[in-house]
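Got the model loaded and your selection tool ready? Let's take a walk through it, one stop at a time.

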Amino acid sequence: MSLLTETNTSVEVQNYIDSVFNKVKEKDPNQEEFHQAVYVIFKSIKPVLVKNPHYIHHNILERIVEPERLITFRVPWVDDQGNIQVNRGYRVQFNSAIGPYKGGLRFHPSVNTSIIKFLGFEQIFKNALTGQPIGGGKGGADFDPKGKSDGEIMRFCQSYMMELANHIGPDTDVPAGDIGVGAREIGYMFGQYKKIKRSFEAGVLTGKGLLYGGSLARKEATGYGAIYFVKEMLNDQGQSIAGKNVVISGSGNVSIYAIEKAMELGANVIACSDSGGYIYDPDGINLDTVKQLKEVQRRRISEYALIHPSATYMEGSSGIWSIPCDIALPCATQNELDGKAAKTLVENGVKIVAEGANMPSTADAIALFLESNILFGPAKAVNAGGVAVSALEMGQNSSRMAWTFEEVDKKLQQIMKDIYQNSVQAAEAYHKPGNLISGASIAGFTKVADAMIEQGVI
Ligand code: NAP
């Protein structure tokens with residue numbers, strides 16, 4: 001094949017990329033989210049393949065898009081009325097070139113193979129970027145936790161773990177939380193794992209409660225990490241976040257702690273949302289109320305406006321992007337920020353967009369941000385703080401130590417700084433200065449691809 005020569009032209013490389021991408025689409029035509037994630041990575045790493053043809057010789061692209069293992073399973077459970085319910089559970093063990101599979105579990109009715117595969121694929125490169133020895137994985141179920149009692153959540157988690165326990169372990173695969181899975185769910189799953197295995201293996205799950213092996217600052221890590229990343233982006237421009245108007249979508253784990261850190265650094269956070277709608281409070285939102293409503297009482301964000309008359313509530317979550325701001329942080333879910341929303345943000349003068357959620361911006365939104373010279377922070381870099389601190393949790397578990405909040409937070413800040421610098425440098429090395437999507441993808445990809453080559457064809 002001509003692609004094996006030392007002098008690949010850009011056209012030959014594009015042909016190789018296209019042929020692998022077409023195979024991905026032909027094999028799994030209904031996995032749109034997965035195709036979207038593959039497209040972004042392939043586009044970003046093209047210059048790497050032009051300069052380093054041995055990646056083509058080793059057919060890394062075709063190998064990297066195929067999960068090492070994809071598990072689906074039945075999750076039966078009994079609801080409070082005594083009815084038997086059945087959900088579908090998933091775990092994708094995508095790539096273990098640099099460490100055990102690592103990635104969260106999502107419980108949401110939209111979960112399907114495409115969503116789990118896109119999340120697992122992204123996780124490979126994100127985890128490599130953290131500098132920690134962790135491979136890529138992801139999992140979840142099409143279970144809707146909304147409106148379920150504690151007992152129902154517990155029975156679901158126990159049934160889910162009944163099967164998952166056969167596939168995970170501290171040196172094999174280490175799940176954590178994601179949408180719909182927080183400390184409560186991790187607790188129920190950890191209890192069940194311990195009972196099945198008859199062994200206390202703290203390192204099998206991360207995001208645990210502090211009483212049984214959790215790490216301080218894990219809860220805050222993704223949101224804080226996102227703001228530390230934005231701080232680095234601003235530093236490079238000789239600016240700071242203090243006094244900036246910030247819009248943050250969602251009001252879950254990532255959003256709440258992004259809001260907290262942004263406010264602590266002097267930003268004015270004026271809006272947040274949930275899947276029903278958004279609140280706008282021009283004087284700055286009251287985080288205690290958001291925490292009380294969403295973390296403690298598991299209620300709707302609409303109730304915020306009843307408590308704070310200065311705020312307005314609007315139905316429909318996507319309207320949040322019509323609020324003029326300096327910094328926009330999509331922190332809710334995939335494809336929540338489309339081309340139309342991006343256009344409005346740009347027209348309203350946004351300076352920075354940084355992705356706290358996974359793949360929240362559609363491809364046309366990203367293209368518009370780049371064309372308009374908006375500073376854009378991609379998810380795999382911006383939200384890597386969560387999995388980075390998960391890896392620190394694994395380290396504390398295996399050494400049977402517990403670090404202070406300050407120690408973990410300091411390490412998190414350094415990791416986010418390094419991720420930013422490595423992304424900037426990789427972008428420059430491949431003649432894409434300032435393009436952090438290219439930089440982050442390239443830095444993550446080369447590390448994983450090199451490890452795959454060193455380990456042979458497996
Ligand atoms: P979470 O705690 O379950 O919160 C999700 C939030 O997003 C909720 O407020 C939810 O509202 C809201 N939401 C869902 N769909 C929405 C929509 N279409 N429009 C507006 N809001 C919507 O989940 P999370 O852990 O914060 O995760 C959020 C995102 O960050 C996900 O993309 C996840 O993959 C990513 N992420 C999370 C971590 C982590 O450590 N947790 C790490 C890296 C990346 P409702 O309350 O109405 O459901």
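**Stop one: Tyr188**

Start by selecting Tyr188, which sits in helix H7 (residues 183-197). Helices (H or I, at least four residues) and strands (E, at least two) are DSSP runs, numbered from the N terminus. Before going on, some housekeeping: residues are numbered from 1 along each chain as its sequence is written, and side-chain values use heavy atoms, with hydrogens and water left out. The model is predicted, so local features need pLDDT of at least 70 and side-chain atom pairs count only at pLDDT 80 or more, while totals for chains, interfaces and linings use all residues.

Back to Tyr188: its relative accessibility is 22%, so this residue counts as partly exposed. The scale is this: buried is under 20% relative accessible area, exposed is over 50%, and partly exposed is in between (1.4 Å probe, protein chains only). Now add Cys157 to the selection: Tyr188 and Cys157 are 31 residues apart in sequence, yet 6.1 Å apart C-alpha to C-alpha. Setting aside neighbours within four places in sequence, Tyr188 is in contact with Asp150, Ile153, Met154 and Cys157, where contact means heavy atoms within 4.5 Å.

**Stop two: Ile374**

Jump to Ile374, in the loop between helix H13 (363-371) and strand E12 (375-377). At 10% relative accessibility, Ile374 is buried. Show Lys351 too: it lies 23 residues from Ile374 along the chain, with 5.5 Å between the C-alpha atoms. Beyond four places in sequence, Ile374 touches Val346, Val350, Lys351, Ile352, Val353 and Phe369.

**Stop three: the ligand**

Select the ligand and expand to 4 Å between heavy atoms, the cut-off for a residue being near it. How many residues surround the ligand? There are 25, and the closest are Asp178, Thr222, Ser275, Arg300 and Asn358. Colour that shell by class and you get five nonpolar, 13 polar and seven charged residues. The classes: Ala, Val, Leu, Ile, Met, Phe, Trp, Tyr, Cys and Pro are nonpolar, Asp, Glu, Lys and Arg are charged, and the others, Gly among them, are polar. Helix H8 (218-235) and helix H9 (253-264) each supply at least two residues of the shell.

Now put up some distance labels on oxygen atoms of the ligand:

- Thr222: a polar side-chain atom lies 2.7 Å from a ligand oxygen.
- Gly252: a polar backbone atom is 3.3 Å from a ligand oxygen.
- Asn253: a polar backbone atom is 2.9 Å from a ligand oxygen.

Taken alone, the ligand exposes 890 Å², and the protein buries 85% of that. Those areas come from the Shrake-Rupley method with a 1.4 Å probe; for residues, only the protein chains shown count as cover.

**Stop four: Arg106**

From Asp178 in the ligand shell, step over to Arg106 in strand E3. Is Arg106 buried or exposed? At 3% relative accessibility, it counts as buried. Its side chain has a 2.6 Å polar contact with the side chain of Asp178 and another, of 2.9 Å, with the side chain of Gln334. A polar contact is a pair of N or O atoms within 3.5 Å; within protein, one must be able to donate a hydrogen and the other to accept it, and residues adjacent in sequence count only if both atoms are side-chain atoms. Residues that Arg106 touches include Val111, Ile115, Leu119, Ile179 and Thr333.

**Stop five: Ser255**

Ser255 is in helix H9 and is buried, with a relative accessible area of 0%. Draw a line from its side chain to the backbone oxygen of Ser249 and you should read 2.9 Å. Ser255 is also in contact with Ile248, Gly250 and Cys331.

**Last stop: helix H15**

Select residues 385-399, helix H15: at 1.5 Å a residue (times one less than the number of residues), its 15 residues should span 21 Å, and the end C-alpha atoms are 21 Å apart, which agrees. Twelve of the 15 residues are buried, among them Gly385, Val389, Leu392 and Met394. Show what covers them, including strand E3 (101-107), helix H5 (113-129) and helix H16 (405-429). Just after H15, Arg400 takes a positive phi of about 50°.
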